[in-house]
Amino acid sequence: MPSNELMLQVEAYAKWKNDLIREIKAYLDWAEENDLNDPENDLRIYDIIEALKADKITIAFVAEVSRGKTELINTLFFSQYKRRLLPSQAGRTTMCPTEIFFDESADRPYIRLLPIETRLQGTSIAEFKKEQIEWTNIYLDPESADSLAEAFSEVTRSKRVSVERARELGLYDEQEFQHLAAQDIPTTHIEIPKWRHAMINFPHPLLQQGLVVLDTPGLNALGTEPELTLNMLPNAQSVLFLLAADTGVTKSDMEMWQHHLSSYRVSHKKGMLVVLNKIDTLWDELQNKEAINISIQSQCKKTSEELNIDIENIFPISAQKALLAKIKNDDILLANSGINKLEHALSRDVIPEKHHIISEKVISEVSTMIDTDKQVLVDRINSTLKQREELQSLCGKNADVIMHLLQKTRDEQIVYNKNLEGLKKGRRILDSYNYKLLEHLDLIAVDKLVASTRKSMSGSWTTTGMKSGMKEFFDNMAAAMDGASNQAMESHKLVQAIYHKFHKEHGFRNVKPKLFTTNRFQRELNLLYREAELFRKSPVTTMTEQSFVVKKFFISMVSKARNIFFNANQEANRWAKEIINPLKAQIREHKLDIEKRLLTLRKISQSRDTLESRIAELENTLKDLEQQISAINLMLEVVKRPFTPPVKDKKQAADAS
Ligand SMILES: Nc1nc2c(ncn2[C@@H]2O[C@H](COP(=O)(O)OP(=O)(O)O)[C@@H](O)[C@H]2O)c(=O)[nH]1
Ligand SMILES: [Mg+2]
């Protein structure tokens with residue numbers, strides 16, 4: 001088993017994530033034990049735990065055919081099989097996008113294949129994944145490398161179909177056959193991929209820790225399957241773009257870089273690595289090492305100029321020699337293959353990026369919940385201290401003083417109850433505001449918009465018509481987001497006023513209520529629009545039959561735009577439900593607090609003996625509360641604990657530098 005750097009990182013990350021899940025569960029139990037839980041929060045935490053468990057790290061390999069993607073995947077992940085596990089050879093290239101991952105819910109390893117004919121249906125691959133009916137299932141025997149290789153070769157299968165059928169499937173590229181037509185050679189049949197998508201469930205340690213490898217077949221597949229560019233690639237934590245040293249940057253490499261990867265580069269600051277593969281083709285027996293290095297460097301420099309990126313982001317390697325070196329345990333060949341540097345860069349980029357996302361989303365949400373509980377405890381301590389002070393001041397005082405305090409507390413209760421009535425009114429208004437907010441983010445309305453745009457776009461046959469249709473769609477989406485954003489501001493002002501009133505009149509903690517903004521969703525929609533424009537302009541798209549492109553484009557675009565909307569809707573919903581929770585918690589505490597104080601004062605007014613014992617009780621309560629605070633502080637510390645990458649051993653450090 002190779003214990004390379006990426007492996008150590010992925011393992012450490014999985015451990016960190018499991019610890020986090022355990023701690024979140026512990027918090028849930030603790031909150032219940034200490035009477036601090038709330039059903040709304042509990043549900044949310046169950047969701048978070050499920051999402052964390054299902055969370056994956058995806059590394060995608062993108063390039064024109066035959067640049068060595070599959071060979072590199074074999075080298076990076078499957079070298080322990082001491083052979084080329086995934087088929088990678090001239091003339092047998094991967095024909096369909098292939099996801100390699102570990103499926104915890106399955107009882108056996110499998111390869112699932114989606115027939116190419118499903119392109120005719122209006123269903124996205126993501127939707128197909130939810131059901132098994134359309135997929136062809138082949139079980140795998142991970143013990144037998146031969147049978148594995150045999151099963152994996154399914155992804156290279158193609159089939160011969162008539163030109164009409166290929167055209168129907170949107171897989172016939174007129175230009176490709178133009179030269180034949182020009183020579184009066186009629187094309188009647190062509191080869192197309194047999195499968196549209198493959199899912200391989202494989203019990204590999206890295207995959208078991210949550211890594212997903214996405215192998216893609218080349219420019220044609222990217223052009224004809226928009227879901228790849230629009231959905232699958234943007235969700236990957238890292239994309240490796242491969243070029244080959246023996247071909248240099250070709251026209252179609254450039255086309256991929258500009259049309260299919262440019263928005264990934266905009267939206268992902270890290271994670272995009274360019275690999276210059278097949279440097280062994282520059283290893284000339286007659287030249288010395290230095291001369292070879294110079295020629296590799298000069299090709300890297302040329303590539304960096306052509307792609308307009310830093311030369312540091314280009315990794316010259318030989319995937320083939322690296323695989324060979326790993327199989328034969330040849331350290332010198334391995335060092336020459338350049339693979340170590342690439343592995344180092346991958347682990348440097350992939351895991352921290354993932355950790356960053358989890359911190360932003362999960363950790364901030366959970367720690368806010370824990371913090372809210374902590375504040376309740378602090379409030380309890382303060383009110384206990386106040387009560388103790390109050391009772392201590394009564395020691396040795398006459399009955400009048402006690403009666404006076406009793407009356408004062410009763411008055412306080414009356415004012416408080418009146419304010420609670422007022423709060424009910426405020427909350428009704430807030431509910432109506434939030435209702436309006438959610439109306440702006442209504443999914444049914446979005447679906448209607450989708451349907452009408454689809455209709456107008458498929459009716460238009462000009463590029464300008466398509467362009468304006470698309471623009472209108474996005475403008476409408478942006479307008480809905482704007483409406484939601486304005487309404488959220490109104491709600492927020494009201495919430496602030498409510499919080500402020502309780503702060504001013506009853507000494508409640510000065511809480512800054514959370515603000516709901518649509519910024520993130522608007523940003524995502526803008527990026528999607530950008531991607532859509534790039535896709536629409538790409539040569540492959542303009543080549544394919546218009547109505548087909550419209551249809552394909554919509555399936556991917558719509559599911560993604562709708563998804564952004566759905567997320568905005570969910571977040572707004574959650575915000576509306578939770579925004580008043582911290583106040584509700586304080587109200588409950590305050591109400592109990594007044595009641596307790598009244599009860600104590602009544603008892604004391606009847607018998608002075610209770611005073612001492614009540615003070616002693618308060619002392620005990622204080623001790624308990626302090627213990628709870630230290631428990632909660634510890635929980636906060638563990639939940640917020642950053643992921644620390646494992647220290648690599650000296651040898652790896654030396655190899656990588
Ligand atoms: N010389 C050389 N050939 C390679 C290297 N990597 C891959 N190849 C060959 O290039 C061809 C295509 O590789 P493959 O992995 O199938 O490419 P893909 O289409 O990008 O997945 C195969 O014949 C590989 O053996 C390399 O580093 N050096
Ligand atoms: Mg391949």
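Me: How many of the contacts in the protein chain between residues at least 6 apart in sequence join residues at least 24 apart?

Reply: The share is 84%. A contact here means heavy atoms within 4.5 Å. The model is predicted: local features need pLDDT of at least 70 and side-chain atom pairs count only at pLDDT 80 or more, whereas totals for chains, interfaces and linings use all residues. Residues are numbered from 1 along each chain as its sequence is written, chains are lettered from A and ligands numbered from 1 in the order in which they are written, and side-chain values use heavy atoms, with hydrogens and water left out.

Me: What makes up the protein chain in terms of helices and strands?

Reply: The chain has 25 helices and eleven strands. These elements are DSSP runs numbered from the N terminus, with helices (H or I) of at least four residues and strands (E) of at least two. The C-alpha atoms fill a box of roughly 115 × 65 × 45 Å along the principal axes.

Me: What share of the residues in the protein chain is buried?

Reply: Buried residues make up 50% of the 657 residues. The term buried means under 20% relative accessible area, exposed means over 50%, and partly exposed is in between, with a 1.4 Å probe and protein chains only. The accessible surface of the chain comes to about 32200 Å², and 51% of that surface belongs to carbon and sulfur atoms. Such areas come from the Shrake-Rupley method with a 1.4 Å probe; for residues, only the protein chains shown count as cover.

Me: Which residues come nearest to ligand 1?

Reply: Of the 20 residues around ligand 1, the nearest are Ser66, Lys69, Thr70, Glu71 and Asp280. A residue belongs to these surroundings if one of its heavy atoms lies within 4 Å of the ligand. The shell divides into three nonpolar, ten polar and seven charged residues. In this division Ala, Val, Leu, Ile, Met, Phe, Trp, Tyr, Cys and Pro count as nonpolar, Asp, Glu, Lys and Arg as charged, and the others, Gly among them, as polar.

Me: Why is the approach of Glu71 to ligand 1 called a polar contact?

Reply: A polar backbone atom of Glu71 is 2.8 Å from an oxygen atom of ligand 1. A polar contact is a pair of N or O atoms within 3.5 Å (within protein, one must be able to donate a hydrogen and the other to accept it, and residues adjacent in sequence count only if both atoms are side-chain atoms). The value for Glu71 is within that limit, so the term applies. A backbone N or O atom of Gly68 also lies 3.0 Å from a ligand oxygen, and a polar side-chain atom of Lys278 lies 3.1 Å from one. The protein covers 90% of the 580 Å² of accessible area that ligand 1 has on its own. Helix H3 (69-77) and helix H14 (319-328) are the elements that give two or more residues to the shell, and H3 supplies the largest share, three residues.

Me: What makes the pair of Phe152 and Phe202 edge-to-face?

Reply: A pair of aromatic rings is described by the distance of the centres and the angle of the planes. Rings of Phe, Tyr and Trp (its six-membered ring) pair if their centres lie within 6.5 Å; planes under 30 degrees apart count as stacked, over 60 as edge-to-face and the rest as tilted. Phe152 and Phe202 are 6.0 Å apart, centre to centre, with 65° between the planes, so both conditions are met. Phe152 lies in helix H5 (residues 145-152) and Phe202 in the loop between strand S7 (195-201) and helix H8 (205-208), so the pair ties together parts that are 50 residues apart in sequence. Ring pairs link these two with Phe78 and Tyr81 into a cluster, and the whole structure holds 13 aromatic pairs.

Me: How do you know whether Phe152 is buried or exposed?

Reply: Its relative accessibility is 3%, so Phe152 counts as buried. Phe202 is buried too, at 0%.

Me: Why is Ser66 called partly exposed?

Reply: Ser66 has a relative accessible area of 38%, which falls between the two cut-offs, so the middle term applies. Ser66 lies in the loop between strand S1 (57-62) and H3, and its phi is near 65°, a positive value in a residue other than glycine.

Me: What is the place of Asn308, and is this residue buried or exposed?

Reply: Asn308 is in the loop between helix H13 (289-307) and strand S11 (314-316). Its relative accessible area is 68%, so Asn308 is exposed.
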